[in-house]
Amino acid sequence: MKTELARIITEKTAPTEDELTSILKCFKWVKVNKNEHLLEQGEVADRLFFIQKGCLRLYYNTEDFGIVTRFMAFEHTFLTSLVSFISREPSTEFIEAVEDSEVLTISHHDFLQLRESIPVWDKIYIYILEYGLTVITGRLSSLLTQNATERYTTLLENNPELIQRLSNANLASYLNISPETLSRLKSRIFKQKK
């Protein structure tokens with residue numbers, strides 16, 4: 001059940017066998033139904049998730065009651081509302097299952113205990129922070145420098161699984177465009193390929 005998590009931990013931290021066993025004991029398996037929320041806006045993010053199967057999205061509501069998806073996380077990815085997890089402040093974001101999913105979850109308390117008792121665990125912390133920074137920077141750059149067509153085309157080239165697995169509403173939210181704009185883009189690109 002925890003094979004892929006163990007592989008990533010071993011690859012990133014090189015723990016002893018006893019350390020790996022202690023780390024894995026802190027993770028609990030949870031089945032999550034599609035559309036179920038793992039974090040509500042205003043709650044403190046108290047858990048870090050490792051996705052075994054499925055897809056979670058990190059999103060927030062805008063002032064005009066729109067939904068903006070900040071990140072879509074698929075298999076073998078860690079996810080939480082990182083600012084809330086670190087600062088212990090209420091989250092401005094939601095985490096929702098986009099598909100029926102299976103996750104391994106560790107509490108903030110256990111995460112900190114591992115940092116204190118198993119020093120190599122800090123390498124996972126750094127890995128999560130670096131991954132989060134890279135993703136946020138890439139998304140911000142895309143939103144600031146690309147138009148809707150370029151964002152969709154880049155996604156089609158680099159992450160076709162997003163387009164295949166997400167509903168049009170979720171995909172449009174991720175691209176920060178309306179579902180109608182997404183439909184027009186798909187139609188135009190399909191016609192160009194003929």
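This report covers the aromatic rings and the two largest pockets of one structure. The model is predicted.

**Aromatic rings**

A search of the whole structure turns up nine aromatic pairs. Take Phe 111 and Trp 121. Their rings meet edge-to-face, with 5.5 Å from centre to centre and 70° between the planes. An angle over 60 degrees is what earns the label edge-to-face. This pair links distant parts of the chain. Phe 111 belongs to helix 4 (residues 108–117), while Trp 121 belongs to helix 5 (residues 121–145). The two residues are ten apart.

Are these two residues buried or exposed? Buried means under 20% relative accessible area. Phe 111 has 2% relative accessibility, so it counts as buried. Trp 121 has 0%, so it is buried as well.

Both residues also belong to an aromatic cluster. Its members are Phe 27, Phe 85, Phe 111, Trp 121 and Tyr 125.

**Charges over rings**

Arginine side chains sit over tyrosine rings at two places. Arg 57 lies over the face of Tyr 59, 4.1 Å from the ring centre. The charged end of Arg 139 sits over the ring of Tyr 174, at 4.1 Å from its centre. Arg 139 and Tyr 174 return in the next section, as part of a pocket lining.

**Two pockets**

The table sets out the two pockets by volume and lining.

| Pocket | Volume | Lining residues | Classes in the lining |
|---|---|---|---|
| Largest pocket | about 370 Å³ | 21 residues | ten nonpolar, eight polar, three charged |
| Second largest pocket | about 240 Å³ | 15 residues | ten nonpolar, four polar, one charged |

Which residues lie nearest the centre of the largest pocket? They are Arg 139, Leu 155, Asn 159, Leu 162 and Tyr 174. Several elements each supply at least two residues of this lining: strand 5 (67–73), helix 5, helix 6 (148–158), helix 7 (160–165) and helix 8 (168–175). Helix 5 provides the largest share, six residues.

Now the second largest pocket. The lining residues closest to its centre are Phe 71, Phe 78, Leu 79, Tyr 131 and Gly 132. Strand 5, strand 6 (78–79) and helix 5 are the elements that give two or more residues to this lining. Which element gives the most? Helix 5 does, with six residues.

**Helix 5 across the report**

Helix 5 runs through each main topic. It holds Trp 121 of the edge-to-face pair. It gives the largest share of the lining of the largest pocket. It also gives the most to the lining of the second largest pocket.

Technical notes:
Residues are numbered from 1 along each chain as its sequence is written. This is a predicted model: local features need pLDDT of at least 70, side-chain atom pairs count only at pLDDT 80 or more; totals for chains, interfaces and linings use all residues. Side-chain values use heavy atoms; hydrogens and water are left out. Rings of Phe, Tyr and Trp (its six-membered ring) pair if their centres lie within 6.5 Å; planes under 30 degrees apart count as stacked, over 60 as edge-to-face and the rest as tilted. Helices (H or I, at least four residues) and strands (E, at least two) are DSSP runs, numbered from the N terminus. Buried means under 20% relative accessible area, exposed over 50%, partly exposed in between (1.4 Å probe, protein chains only). A charge sits over a ring if NZ of Lys or CZ of Arg is within 6 Å of the ring centre and within 35 degrees of the ring normal. On a 1 Å grid over the protein atoms alone, a cavity is a set of points where a 1.4 Å probe fits but cannot get out, and a pocket is an open set with protein on both sides within 12 Å along at least five of seven lines; lining residues have an atom within 4 Å of a point. Grid points are joined across faces, edges and corners, and a volume is the space filled by probe spheres set on the points. Ala, Val, Leu, Ile, Met, Phe, Trp, Tyr, Cys and Pro count as nonpolar, Asp, Glu, Lys and Arg as charged, and the others, Gly among them, as polar.
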